[in-house]
Amino acid sequence: GESETSTEYRGLFEKGKTWVDENLFNGRYYHQLIDLKDKTLLEKYDKAEKYWNAESEELKYQIAEGCGIDQVIAQWHANNCGLGEIFDPKQTKKALESIYEYNFKKQMRDFFNPCRLYCLNDEAGLVICEWPEDKYKPMAPLTYSEETMNGFEYQAAVHMIQSGLVDEGMNVVEAIRSRYDGYKRNPWNEFECGSNYARSMASYTLLTTFSGFEFDMTRGMIGFDPIDENTETFRCFWSLDSGWGTFVMKDDKVFLEVLYGELELNTLRLPFLGKGEVGDVRFAGEKPDFKFEEGDINFMEPVTIREGCILSVDRQSQAN
C-alpha cells in the first residue's frame, strides 16, 4: 500500500537497469567499467594503499574487462524468486554463452592458477574470471579469479539451463560432480572456502529449474513446468514450509502427492497443458469444481492435500 515509495523504487530500478544494459554490456558480456590507473578512486577509503599496485601503477583486485562468472547473478536470483527481468534477456543469454566460452576449461593442466586448487590436472571447471585475448588483464586481478568454486559454478550452470543452454549448463554440472566422485574427493562435501561450504547449495536450483517449480503462498498456488515435458515419465521432489511430497507426470496423468504435512491449494499451475487438455481432476475420491485458464487449474473452493493423499489430473488430447 505504499504507492509513493513503490513508485520511487520502481523508478530507481528502471533507471539502473537502463544504465547497466547500455553501459556495462560490451557486446559479449557485462564487464566492470573502471579506470585502473585512477588512484583517486581510493581516496575516500581507509587503507587505500592496500588496493594500489605501485609497480604497475594500477588498482588491485579488479575484474575490469574480464568475463566474470557471476556477472548476471542478480537475474538468477530473480528467476528463482519470480521477480522478472533484471537485465536485457538477449544480453543475459549472450553473457552466459560467453561465460561458457571463456571461463569453462575442459582440463586445467595447462591453465595457470596461483590460488587454491579445487580443480587440477585433467579435471574440468568454470573459473571465476577470464580475460579474452583482446581484453586487458590487470597485473593484480580479482582475488581467486583463476579458481573454480562449486557454488559459483552451480549458479552459472543453472542460469545457463534456465536460459535454454541446457547442454552447456549440464557440462558444467558434470564437471563438478566428476571432481567429487567419491574417489578423488568426498561426494558429500563440496568444499570451497571451507568444508561443507553453504554456497554449493546453489545446486538445489537444478531441481526447481528442471521441474519448473514455483510457489506463491499469498495466492495458494503451486506450479510445475518441466523443461522436457515430452519425457515419458517425469518425477521430482518438492518441499515447502507446510509439507513436502512428489510431482509425477506419467501415462497422460499428473499426480501431486503430499508425503509429509499438508498443502492447501487454490491453484495448480501446469503451463504445459493447453486448452482442452485437462480432463478429470480427482482428489480423495471426489471431483472438485475448477476452472482451467491459461495453464492454471483454479479450484472453486480451497483444496487441502494431507499426508498420504494424491491430487490427480487426467490429460487428454485436444482432439478429444
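The second largest pocket of this predicted model is where I shall begin. Its lining consists of Tyr154, Arg177, Pro187, Trp188, Asn189, Glu190, Asn196, Tyr197, Ala198, Ser200, Met201 and Ser203. Sorted by class, that lining comprises six nonpolar, four polar and two charged residues. The volume of this second largest pocket is about 200 Å³.

Let me turn to the largest pocket. It encloses about 610 Å³ of space, and 18 residues line it. Which residues lie nearest its centre? They are Asn79, Asn80, Gly212, Phe213 and Glu214. As for secondary structure, three elements, α2 (73-81), α6 (205-211) and β7 (214-216), each supply at least two residues of the lining. Of the elements, α2 gives the most, with four residues. The lining of the largest pocket divides by class into seven nonpolar, seven polar and four charged residues.

Helix α2 also leads us to the helix packing. The axes of α2 and α4 come within 10 Å of each other, and they cross at roughly 65 degrees. The crossing of these two helices is left-handed. On the α2 side, the contact involves Ile73, Gln75, Trp76, Asn79 and Asn80; on the α4 side, it involves Gln155, Val158, His159 and Gln162. By class, this contact holds three nonpolar and six polar residues, and no charged ones. I would draw your attention to Asn79 and Asn80, which belong to the contact with α4 and are also among the residues that lie nearest the centre of the largest pocket.

Helix α4 has a further partner to consider, namely α3. Here α3, residues 89-103, packs against α4, residues 150-162, with the axes 10 Å apart and at an angle of about 130 degrees. How are the two helices oriented to each other? At that angle, α3 and α4 are therefore oblique to each other. Their crossing is left-handed. In this contact, Thr92, Leu96, Ile99 and Tyr100 of α3 meet Ala156, His159 and Met160 of α4. The residues involved divide into five nonpolar and two polar, with no charged residue.

One residue of α4 deserves a closing remark. His159 takes part in the contact with α3, and His159 also takes part in the contact with α2. On the slide, I suggest following α4 from His159 towards each of these partners in turn, with Trp76 among the residues on the α2 side and Leu96 among those on the α3 side.

Notes:
Residues are numbered from 1 along each chain as its sequence is written. This is a predicted model: local features need pLDDT of at least 70, side-chain atom pairs count only at pLDDT 80 or more; totals for chains, interfaces and linings use all residues. Side-chain values use heavy atoms; hydrogens and water are left out. On a 1 Å grid over the protein atoms alone, a cavity is a set of points where a 1.4 Å probe fits but cannot get out, and a pocket is an open set with protein on both sides within 12 Å along at least five of seven lines; lining residues have an atom within 4 Å of a point. Grid points are joined across faces, edges and corners, and a volume is the space filled by probe spheres set on the points. Ala, Val, Leu, Ile, Met, Phe, Trp, Tyr, Cys and Pro count as nonpolar, Asp, Glu, Lys and Arg as charged, and the others, Gly among them, as polar. Axes are lines fitted to C-alpha atoms, for helices over the stretch in contact, and angles run from 0 to 180 degrees between N-to-C directions. Angles under 35 degrees count as roughly parallel, over 145 as roughly antiparallel, 65 to 115 as roughly perpendicular and the rest as oblique. A crossing is left-handed if the near helix is turned anticlockwise from the far one by less than a right angle, and right-handed if clockwise. Contact means heavy atoms within 4.5 Å.
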